[in-house]
Amino acid sequence: MTAAKAPAKSAKPANPKSSLIQFSAKVVEPVKQTTQCLVVGSYEGIKLAPAASAVNVADAHQLDALLKREGFQGKAGQSLLLLNPQGIAAERLLVLGFGATKDGHVNADNYRRAVQKIADALRATTCTEITIALADISVAEQDAQWQARQVAESLSLLDYRADKLKSKPAEISLQLKKVIFGAAKTQVADATKGLQLGQAIAKGVNLARELGDLPGNICTPTYLASEAKRLATKQAKLSVNILEEKHMKELGMGSLLSVAAGSDQPAKLIVLEYKGGNKKQAPIALVGKGITFDTGGISLKPGAAMDEMKYDMCGAASVLGTFQTLIDLQLPINVVGIIAASENMPNGNATKPGDIVTSMSGQTIEILNTDAEGRLVLCDALTYTERFKPEAVVDIATLTGACVIALGNHATGLFSNNDELAKTLLKAGEEAGDRAWQMPLWDDYQKQLDSNFADIANIGGREAGSVTAACFLSRFAKKFAWAHLDIAGTAWRSGGAKGATGRPVTMLVQYLLNQV
Ligand code: BES
Ligand code: MN
Ligand code: ZN
């Protein structure tokens with residue numbers, strides 16, 4: 001007998017509407033520009049870039065003296081906010097450090113680091129409008145479009161606020177509404193494109209952050225399904241189809257359904273199809289783990305920090321975020337999104353350690369630990385993906401604590417059965433500043449998954465936990481070029497700054513952009 005599966009009782013996000021920051025590119029004159037804050041740059045050793053240098057001349061070299069007094073050295077990520085600067089029209093002056101130059105250029109990482117400081121430095125101000133005079137900073141191998149994109153990507157993160165469920169939104173002073181990006185006349189068109197691109201990417205990142213941060217009692221599998229449908233409304237290129245448990249049963253998805261068995265919330269298989277490219281072009285498939293809460297099931301997790309298992313749907317959120325950006329940019333490619341959404345709960349119908357289930361592929365699985373549920377939902381989603389005859393499949397999952405131990409919060413773990421695809425994704429991550437690091441998927445590890453009673457066990461012991469998880473998935477990815485991104489360490493931050501990061505939306509969008 002199965003219990004009736006009820007919808008969640010939940011609060012609705014209180015104030016979901018907020019207007020986005022407006023960006024524009026134009027020629028600016030740093031000294032004469034009336035603005036609430038002028039942002040200028042300096043290289044290491046207080047070598048002022050031209051705009052900063054002009055300010056320094058206009059205020060009788062006080063800027064130079066002030067920077068020295070305050071110990072500003074121009075290192076990448078250093079910043080100094082000056083209130084009421086003299087000799088210029090701006091109300092405030094923000095000087096950013098870009099670090100050392102090589103052949104007159106700074107590197108891309110340092111540029112990003114510097115630009116990310118703008119929001120931090122202004123957080124305690126009441127600025128609603130700023131002017132960025134950084135077009136004179138030269139970045140190795142990158143143009144004005146790229147620079148503008150970085151600025152828009154970084155500042156648009158302010159468009160998402162995590163306090164929507166507070167009855168009174170926290171009082172914050174920074175309410176940025178307008179950003180002017182200074183550019184040389186010949187660069188205005190390129191910079192404008194970059195600003196649009198950056199904003200579209202940030203919109204996707206922010207959607208992923210918002211869904212990640214939502215609690216498990218609101219963001220259920222049903223909620224994820226309705227978000228997918230919302231994305232598809234009035235979108236000619238995007239269609240969404242939701243598969244219910246009944247349908248999954250008919251398809252033989254015994255593995256996915258074994259995870260949903262212990263929950264009152266119905267599982268959903270969410271299928272998004274974006275058709276922007278040529279009809280004959282094989283699609284790229286993005287497959288997301290959407291465990292909206294992972295208690296561990298009967299192999300119950302310990303209590304400490306268990307709340308963070310609301311983030312176990314961040315793979316799914318990154319798929320939805322990427323589709324958000326796709327429809328904003330109307331990219332001319334074909335992309336399929338598959339989200340395996342379920343809770344992992346321990347009620348009386350729950351799957352027990354030792355239970356054996358049959359996956360859609362026909363392979364039988366001995367479930368030795370119900371907390372290794374991500375691979376159980378993903379394997380059936382991967383088999384389902386075969387019907388789209390994809391050119392490449394990328395799954396995204398908060399799959400293993402072991403990946404956090406291996407790589408920490410900096411790199412996403414990447415595993416692939418195809419070196420070309422692995423290289424392409426690694427490069428996209430580098431370009432986008434959302435990096436992955438490749439881990440081995442050698443046959444040597446496969447035997448850790450041997451079972452006495454079924455074709456495969458769902459855990460492979462303590463050693464190389466993120467590798468054996470990937471090995472498990474590889475058994476269901478034999479029919480296509482496939483890569484697996486373990487985002488357990490990168491999808492959210494813990495501690496005082498707890499919150500979803502929106503990773504790896506930027507990497508995925510860059511990967512798709514590079515296919516166009
Ligand atoms: N969602 C977790 C992985 C996870 C844990 C991500 C902590 C981020 C932080 C996953 O479902 C899980 O529980 N994995 C187990 C696998 C183990 C039972 C083989 C793990 O990593 O402990
Ligand atoms: Mn788990
Ligand atoms: Zn999980």
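Q: In which loop does Pro504 lie?
A: This is a predicted model. Two elements flank Pro504, a strand before the loop and a helix after it. The loop that holds Pro504 is the one between strand 20 (499-500) and helix 14 (505-515).

Q: Is the peptide bond from Arg503 to Pro504 cis or trans?
A: Most peptide bonds are trans. For the bond from Arg503 to Pro504, omega is near 0°. That bond is cis.

Q: Which residue other than glycine has a positive phi, near 45°, and where does it lie?
A: Most residues other than glycine have a negative phi. The residue with the positive value lies in the loop between strand 2 (38-43) and strand 3 (47-48). It is Ile46.

Q: How many cavities of 30 Å³ or more does the structure hold, and what is the volume of the second largest?
A: Rolling a probe the size of a water molecule over the atoms shows where empty space is left. The structure holds two cavities that reach 30 Å³. The volume of the second largest is about 40 Å³.

Q: How much space lies in the largest cavity, and how does its lining divide by class?
A: The largest cavity encloses about 80 Å³. Its lining is made of 13 residues, with Ser258, Val259, Asn344, Thr351 and Thr370 nearest the centre. By class, the lining divides into six nonpolar, six polar and one charged.

Q: Which helix gives the largest share of the lining of the second largest cavity?
A: Ala208, Cys314, Ala317, Ser318, Ala491, Ala500, Gly502 and Arg503 line this cavity. They divide into five nonpolar, two polar and one charged. The largest share, three residues, comes from helix 9 (residues 314-329).

Q: Which space does ligand 1 take?
A: The lining of the space in question has 31 residues, and Lys301, Asp371, Thr400, Gly401 and Ala402 lie nearest the centre. The volume of this space is about 770 Å³. Ligand 1 takes the second largest pocket.

Q: Which helix supplies the largest share of the lining of the second largest pocket?
A: Strand 10 (284-294), helix 10 (374-385), helix 11 (401-407) and helix 13 (465-474) each supply at least two residues of this lining. By class, the lining has 13 nonpolar, nine polar and nine charged residues. The largest share is four residues, and these come from helix 11.

Q: How many residues surround ligand 1, and how many of them are charged?
A: The shell around ligand 1 has 16 residues. Lys301, Asp312, Asp371, Glu373 and Gly401 are the closest. Five residues of the shell are nonpolar and four are polar, while the number of charged ones is seven.

Q: Which residue has a polar backbone atom 3.3 Å from a nitrogen atom of ligand 1?
A: Two side chains come up to oxygen atoms of the ligand: a polar side-chain atom of Lys301 lies 2.8 Å from one, and an N or O atom in the side chain of Asp371 is 2.8 Å from an oxygen atom of ligand 1. The contact to a nitrogen atom of ligand 1, at 3.3 Å, uses the backbone of Thr398.

Q: What percentage of the accessible area of ligand 1 does the protein cover?
A: On its own, ligand 1 has 510 Å² of accessible area. The share of this area that the protein covers is 76%.

Notes: Residues numbered from 1 in each chain as written. Chains lettered and ligands numbered in written order. Predicted model: local features only at pLDDT ≥ 70, side-chain atom pairs only at ≥ 80, totals over all residues. Heavy atoms only, no water. 1 Å grid on protein atoms, 1.4 Å probe; cavity = no way out; pocket = protein on both sides within 12 Å on 5 of 7 lines; lining within 4 Å. Points joined across faces, edges and corners; volume = space filled by probe spheres on them. Nonpolar A, V, L, I, M, F, W, Y, C, P; charged D, E, K, R; others polar. Near = heavy atom within 4 Å. Polar contact = N/O pair within 3.5 Å; in protein donor to acceptor, adjacent residues only side chain to side chain. Areas by Shrake-Rupley, 256 points an atom, 1.4 Å probe, with all protein chains shown as cover. Sits in = over half its atoms within 2 Å of the grid points.
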